[in-house]
Amino acid sequence: MEQKLKSEQTQQLIIDTSFQLFYKDGFKSTSINQIMKATSLTKGAFYHHFKDKKEIGIAVINKIIFDRIHKNMILPLQKEGDTIEILKDIFSNKIRAFTDYEKEKGCPANNLINEIGSTEDSYQSALRKIIDQWTSAIEKVIEQEKEKGAIKKNTDSKAVATFLVSAFEGVRGLRKLYHNDIILDQYLVGVTSYLDQLKYSS
């Protein structure tokens, strides 16, 4: 039991360290040797858990990227209250909470989509699964609110979900080009205005 726990901790160390290096330097620029050096693991200990960088990449996507989006962007949709206000909170407060480092580096998911999303079917499948779950969760709450009469009946739920995710990911990418938050401020005004227009008014 103790050996199993130690093995799990070592595996998690590799995944966490790899995520940080991928985020800092990019997936393609990060080597196995750099990960080994950062974890202080021997070659034997390292390769006992992962045979190559591809396996690490999939683990980072499935365990780190998915958990971040699920915790910060999907779970909050389950809160009780005004769905439009909840969506505003999710898609604006998260932007406001980013550190300067996070603004500079952009979104980890979007970085991986742009860097390796089209290079391997396994990467594409893992990343698309996350985006599909995210958009489906938004689509579901929009449909629920349409049934309650809180959101306009003619609202295309899938289109709204796709737009919100795309806008959020896109502005995080654009922010990497700038050294100030003007583009984030413009996004916040735009996304708030867009969501307000979805409300049903008698």
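Student: In which helix is Leu174 found?

Tutor: In this predicted model, Leu174 is found in helix α9.

Student: Is Leu174 buried, partly exposed or exposed?

Tutor: The class follows from the relative accessible area, where partly exposed lies between the 20% limit for buried and the 50% limit for exposed. Leu174 has a relative accessible area of 40%, so this residue is partly exposed.

Student: Which residues make a nonpolar surface patch with Leu174?

Tutor: Leu177 and Tyr178 join Leu174 in a nonpolar surface patch of about 310 Å². For the protein chain as a whole, the accessible surface is about 11500 Å², and carbon and sulfur atoms contribute 50% of that surface.

Student: How many helices and strands does the protein chain have?

Tutor: The protein chain has 10 helices and 0 strands. Its C-alpha atoms occupy a box of roughly 65 × 40 × 30 Å along the principal axes.

Student: What share of the contacts links residues 24 or more positions apart?

Tutor: Such pairs make up 69% of the contacts in the protein chain, counted among contacts with a separation of 6 or more. As for burial, 43% of the 202 residues count as buried.

Student: How should one read the span of helix α8?

Tutor: One compares the distance between the end C-alpha atoms with the span expected at 1.5 Å a residue. Helix α8, residues 121-148, has 28 residues and reaches 40 Å, close to the expected 40 Å. Just after α8, Gly149 adopts a positive phi of about 85°.

Student: Which residues of α8 are buried, and what do they pack against?

Tutor: The general idea is helical periodicity: an α-helix has 3.6 residues a turn, so residues three or four places apart point the same way. In α8, the buried residues include Tyr123, Leu127, Ile130, Trp134, Ile138, Val141, Ile142 and Glu145. The buried residues of this helix pack against α4 (53-74), α5 (83-97), α7 (108-116) and α9 (157-175).

Student: Which residues have the most contacts inside the largest nonpolar core?

Tutor: That core has 56 residues, and those with the most contacts inside it are Ile56, Phe91, Trp134, Ile138 and Tyr187. The elements giving two or more residues to this core are α1 (2-25), α2 (32-39), α4, α5, α7, α8, α9 and α10 (182-196).

Student: Which residues does Ile56 touch?

Tutor: Leaving aside residues up to four places away in sequence, Ile56 touches Ile14, Ser18, Phe22, Ile32, Ile35, Phe46 and Phe50.

Definitions and conventions. Residues numbered from 1 in each chain as written. Predicted model: local features only at pLDDT ≥ 70, side-chain atom pairs only at ≥ 80, totals over all residues. Heavy atoms only, no water. Helix = DSSP H or I, 4+ residues; strand = E, 2+ residues; numbered from the N terminus. Expected span 1.5 Å × (residues − 1). Buried < 20%, exposed > 50% of the residue type's maximum accessible area, 1.4 Å probe, protein only. Contact = heavy atoms within 4.5 Å. Patch = residues over 30% accessible without salt bridge, like charges linked within 9 Å, V, L, I, M, F, W, Y side chains within 5 Å. Areas by Shrake-Rupley, 256 points an atom, 1.4 Å probe, with all protein chains shown as cover. Salt bridge = Lys/Arg side-chain N within 4 Å of Asp/Glu carboxyl O. Core = buried A, V, L, I, M, F, W, Y, C linked by side-chain atoms within 4.5 Å.
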